Amino acid sequence: MVRRHSLRIIVLATALVVCVAGTLAFRGAGRWLLREDALAPADEIVVLSGSMPARAEEAARIFRMGYAHEVWVSRPAGPGEELEAMGIHYLGEEDFNREVLIHEGAPDSEVRIFPQPIVNTEEEIEEICGQMRRDGKTSAMIVTSPQHTRRVRALWRKIAGSDLRLIVRGASQDPFDANHWWHTTHDTFAVVREILGLLNVWVGLPVRPQSS
């Protein structure tokens, strides 16, 4: 009887520990995704697609501080060709990001849009690394959303190799609430997406970008 009572106490205590640990992990998931670096000089600042205009605004702010002399802008895949075939002029996200950068103080001559459209962050990292090697550059500062910083870093380690240096920064204007991410659908979807993306990186990127 005593042994059975002791076993129940152990089971209840274990369940309580698991529940507390699970709750802490759940609440801390948003903060765990934040993995940005201190500001430092880089060959270029890169604006990843998404969260417009926060990322471009942050990149322009860092540019004005003198940490780099070029800003590269990712070009996400879009319906441009289909609309042009209909005679409809299409402006993509990259065009608006470029306008934000110029409005916020980056000279037009220093803003560069990648020529090839990308589907996801994996392709963006590949495009950045390829362009850096073609230009003989060794360091990049990537500006993205705060919750996206850890996955960007993980992809960089997987794709870039040891010869290219990364500085990753989260856009301070992004509305993501790391401390209460479960309060809104936007932040909840962001956390779920980032965790699934990290799992994909950790197991070797078996889920590939959709063909454009």
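**Figure 1. The whole chain at a glance.** A residue is called buried when its relative accessible area is under 20%. By that yardstick, 39% of the 212 residues in this predicted model count as buried. The chain's accessible surface comes to about 11900 Å², and 58% of that belongs to carbon and sulfur atoms. If you count up the secondary structure, you get seven helices and five strands. Walk along the sequence and they turn up in the pattern α-β-α-β-α-α-β-α-β-α-β-α. Among the contacts with a separation of 6 or more, 78% are between residues 24 or more positions apart.

**Figure 2. Helix 4 and what covers it.** Here we zoom in on helix 4, which runs through residues 93-103. Which of its residues are buried? They are E94, N97, V100 and L101. Look down the helix axis and these buried residues fall within an arc of 120°, so they line one face of the helix. Their cover includes two helix-and-strand neighbours from earlier in the chain, strand 1 (44-47) and helix 2 (54-64), along with strand 2 (71-73) and strand 3 (111-113). After helix 4 comes G105, and its phi is positive, near 115°.

**Figure 3. Charged pairs around the end of helix 4.** Side chains of opposite charge can pair when their charged atoms come close. R98 does this with D108: they form a salt bridge whose closest N and O atoms are 2.6 Å apart. R98 sits in helix 4 and D108 in the loop between helix 4 and strand 3, ten residues apart. Add E99 to the view and you have a network, with R98, E99 and D108 joined by salt bridges that share partners. R98 is partly exposed at 22% relative accessibility, and D108 is partly exposed too, at 42%. The loop that holds D108 also holds E104, which pairs with R64 of helix 2, 40 residues apart in sequence. The R64 and E104 side chains meet in a salt bridge at 4.0 Å, N to O. R64 has a relative accessibility of 47% and counts as partly exposed; E104 is partly exposed as well, at 25%.

**Figure 4. A salt bridge from a loop to strand 5.** Across the whole structure the count of salt bridges comes to eleven. The one shown here joins the side chains of E36 and R169, at 3.9 Å from N to O. It links distant parts of the chain: E36 is in the loop between helix 1 and strand 1, while R169 is in strand 5 (residues 165-170), 133 residues apart. Are the two partners buried or exposed? E36 is partly exposed, at 42% relative accessibility, whereas R169 counts as buried at 13%.

**Figure 5. Tryptophan pairs.** A pair of aromatic rings is described by the distance of the centres and the angle of the planes. A search of the whole structure turns up three aromatic pairs, and two of them are shown here. In one, the rings of W32 and W202 have centres 6.1 Å apart and planes at 65°, so the pair is edge-to-face. W32 belongs to helix 1 (residues 2-32) and W202 to helix 7, so the pair ties together parts that are 170 residues apart in sequence. W32 counts as partly exposed, at 38% relative accessibility. In the other, the ring centres of W181 and W182 are 5.8 Å apart and the planes lie at 85°, so this pair is also edge-to-face. W181 is buried, with a relative accessible area of 6%, but W182 is partly exposed at 25%.

**Figure 6. A nonpolar patch on the surface.** W32 and W202 show up again here, together with V192, I195, L196, L199 and V203. These residues form a nonpolar patch with about 680 Å² of accessible area together. Which element gives the largest share of the patch? That is helix 7 (residues 185-202), with five residues. One of the patch members, I195, has its place in helix 7 and is partly exposed, at 32% relative accessible area.

**Figure 7. Q147 and its surroundings.** Q147 lies in the loop between strand 4 (139-144) and helix 6 (149-159). Although it is in a loop, Q147 counts as buried, at 4% relative accessibility. What does Q147 touch, leaving aside its neighbours within four places in sequence? The contacts are L33, L34, D174, F176, A190 and E194. Take E194: it is 47 residues from Q147 in sequence, and the C-alpha atoms of the two are 7.3 Å apart in space.

Conventions. Residues are numbered from 1 along each chain as its sequence is written. This is a predicted model: local features need pLDDT of at least 70, side-chain atom pairs count only at pLDDT 80 or more; totals for chains, interfaces and linings use all residues. Side-chain values use heavy atoms; hydrogens and water are left out. Buried means under 20% relative accessible area, exposed over 50%, partly exposed in between (1.4 Å probe, protein chains only). Helices (H or I, at least four residues) and strands (E, at least two) are DSSP runs, numbered from the N terminus. The arc is that of the directions from the helix axis to the C-beta atoms. Contact means heavy atoms within 4.5 Å. Accessible areas come from the Shrake-Rupley method with a 1.4 Å probe; for residues, only the protein chains shown count as cover. Patches are made of residues with over 30% relative accessible area and no salt bridge: like charges are joined within 9 Å, nonpolar side chains (Val, Leu, Ile, Met, Phe, Trp, Tyr) within 5 Å. Rings of Phe, Tyr and Trp (its six-membered ring) pair if their centres lie within 6.5 Å; planes under 30 degrees apart count as stacked, over 60 as edge-to-face and the rest as tilted.
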